[in-house]
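Good morning, everyone, and thank you for making room for me on the agenda. I would like to take you slowly through one structure, starting from a single residue and working outwards, so please have the picture open as I speak.

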2 protein chains.
Amino acid sequence: MNVIDHVRDMAAAGLHSNVRIISSLLLTMSTNNPELFSPSQKYQLLVYHADAIFHDKEYRNAACKYNMALQQKKVLSKTTKVRPSSTGGTTSALQAQNLPSEIEVKYKIAECYTILKLDKDAISVLEGIPSRQRTPKINMMLANLYRKAGQERSAVTSYKEVLRQCPLALDAIIGLLSLSVKGAEVASMTMDVIQSIPNLDWLSVWIKAHAFTHGGDNQRCGTWKHFGI
Amino acid sequence: MNVIDHVRDMAAAGLHSNVRIISSLLLTMSTNNPELFSPSQKYQLLVYHADAIFHDKEYRNAACKYNMALQQKKVLSKTTKVRPSSTGGTTSALQAQNLPSEIEVKYKIAECYTILKLDKDAISVLEGIPSRQRTPKINMMLANLYRKAGQERSAVTSYKEVLRQCPLALDAIIGLLSLSVKGAEVASMTMDVIQSIPNLDWLSVWIKAHAFTHGGDNQRCGTWKHFGI
């Protein structure tokens, strides 16, 4: 077990304050002696360090360290491409599996930027993730940021993507209805799941009620009476 | 896939705002019709709901929901004991594995209490976890709370437990030294790991320097010069 494994284990165990101190010391060592850690080890150290800082709610500092991690990841990818079989394909693949996900690092940067009210920067980071690699939480964050920025079409596309992967994502449903997407269209995206689960028929009434609310059809908001509201 | 599986998947995917809405609606359904969900399903719903509220930084509300989850877990344990083989041993065991950890729920409650500056309540919750089941992060939180409350002996015991499980937990080391535990004793607890990892010999000097600092031996604090400080 090398020192990076120890840091990773402590990070996984939620020992944030401990990870923060040791990763900081090891990164200083690495600056003084660049040969000490491999590019992959430096990438890991930067991510664990940034995670600990994020946990301490120092979002500007965390975003800075996550960005350094991404720069390091680029170096790492180049090294891997130049010498694809130097350490044996299987070992490299296994090492890659253990590395913190680059997508997750970008999501964390966007989270920092959102908290710091740097919405444009957050959108730009998330847009840098290819559509196919965007997880539901990335699409949800993007959708909310697009809606706030007035980019309604993009917001609708992202909310729909959340709903495609998680048909019971009710906040995404509210988002779509608030952007004037028709209730019937939204209902059709969730109908299969609602019908496949017992006792969930009230959910289509819930969608209808929200559709009326956002459609400005105040008279028909009587639908809420079904919920005793 | 039932509706609880959908909620669990959304929680795992980090769709907190969506989990918050659907779990709230399902818990209302469950109040109106107690037969609708099993005790285990209610427990899960309460934990996922509390997690979403915790994510929204509403710590008082989250602690309340986590406590309701613990109450529900008690009901669940009783039910399981009364009818051990009603649904077949293997199925029950599998279901139990999928349930959110009760230890983790207690840790979250303690985290809420700590943020709300209810230190005594936080200590009391964590002390309710049997020593053998305490993970490193639980011992770390307990140690910090004990130290703040002036319960020095208990703090030392908990920090040592962290170090026993994670010998490179440098914040636990600082904690021990600040409580006047001898540098030599602390060093002996980490020596095996430090010696087994190359290029980590500076760490024993780091421990020595911290020991001098906390020992009030200002002249010998010259040890910090090794670090260029």
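Let us begin with A:Lys73, which sits in helix α4 of chain A, the helix that covers residues 59–82. I should say at once that what you are looking at is a predicted model, so please keep that in mind throughout.

Is A:Lys73 buried or exposed? Its relative accessible area is 16%, and because buried means under 20%, A:Lys73 counts as buried. Which residues does A:Lys73 touch, if we leave aside those up to four places away in sequence? The answer is A:Tyr43 and A:Glu102.

With A:Glu102, A:Lys73 forms a salt bridge, in which the closest N and O atoms are 3.2 Å apart. This pair links distant parts of the chain, since A:Lys73 belongs to helix α4 of chain A while A:Glu102 belongs to helix α6, residues 102–115, and the two are 29 residues apart. For those meeting the idea for the first time, side chains of opposite charge can pair when their charged atoms come close. The partners are not classed alike, because A:Lys73 is buried at 16% relative accessibility, whereas A:Glu102, at 29%, counts as partly exposed.

Let me now turn to salt bridges elsewhere. Over all chains, a search of the whole structure finds 18 of them, and I have picked out two in chain B.

In one of these, the side chains of B:Asp119 and B:Lys148 meet at 2.8 Å, N to O. Here too the pair links distant parts of the chain, with B:Asp119 in helix α7 of chain B, residues 119–127, and B:Lys148 in helix α8, 29 residues apart. B:Asp119 is buried, with a relative accessible area of 16%, while B:Lys148 is exposed, with a relative accessibility of 62%. In chain A, meanwhile, salt bridges that share partners join A:Arg20, A:Asp56 and A:Glu58 into one network.

The other chain B example is a salt bridge between B:Arg8 and B:Asp5, at 3.3 Å from N to O. Both residues lie in helix α1 of chain B, three residues apart, which is about one turn of the helix. An α-helix has 3.6 residues a turn, so residues three or four places apart point the same way. As for its surroundings, B:Arg8 is partly exposed, with a relative accessible area of 24%.

Next, consider helix α1 of chain A, residues 3–12, in which A:Val3, A:Ile4, A:Asp5, A:His6, A:Val7 and A:Met10 are buried. What do the buried residues of α1(A) pack against? They pack against α2 (16–32) and α3 (39–55) of chain A, together with α11 (183–196) of chain B. At the start of α1(A), a side-chain oxygen of A:Asn2 comes within 2.9 Å of the backbone nitrogen of A:Ile4, and after the helix comes A:Gly14, which has a positive phi, near 80 degrees.

That brings us to the two chains together. In this model, 37 residues of chain B are in contact with 37 residues of chain A, and the area buried between them is about 2900 Å², with carbon and sulfur atoms giving 75% of that area. How many salt bridges does the rule find across this interface? It finds zero, although eight residue pairs are in polar contact between chain B and chain A. On the side of chain B that touches chain A, the elements giving two or more residues are α1, α2, α8, α10 and α12 of chain B, and α2(B) gives the most, with seven residues. That side divides into 26 nonpolar, seven polar and four charged residues.

Finally, a word on chain A as a whole and on confidence. Chain A has twelve helices and zero strands, and of its 229 residues, 48% are buried. Among its contacts between residues at least 6 apart in sequence, 49% join residues at least 24 apart. The average pLDDT of chain A is 90, and 86% of the residues score at least 70. Where should we be careful in chain A, with pLDDT under 50? The stretch is residues 82–91, for which the model has two contacts beyond four places in sequence.

Note on methods: Residues numbered from 1 in each chain as written. Chains lettered and ligands numbered in written order. Heavy atoms only, no water. pLDDT = per-residue confidence, 0-100. Contact = heavy atoms within 4.5 Å. Buried area = accessible area lost by both parts, 1.4 Å probe. Salt bridge = Lys/Arg side-chain N within 4 Å of Asp/Glu carboxyl O. Polar contact = N/O pair within 3.5 Å; in protein donor to acceptor, adjacent residues only side chain to side chain. Helix = DSSP H or I, 4+ residues; strand = E, 2+ residues; numbered from the N terminus. Nonpolar A, V, L, I, M, F, W, Y, C, P; charged D, E, K, R; others polar. Buried < 20%, exposed > 50% of the residue type's maximum accessible area, 1.4 Å probe, protein only.
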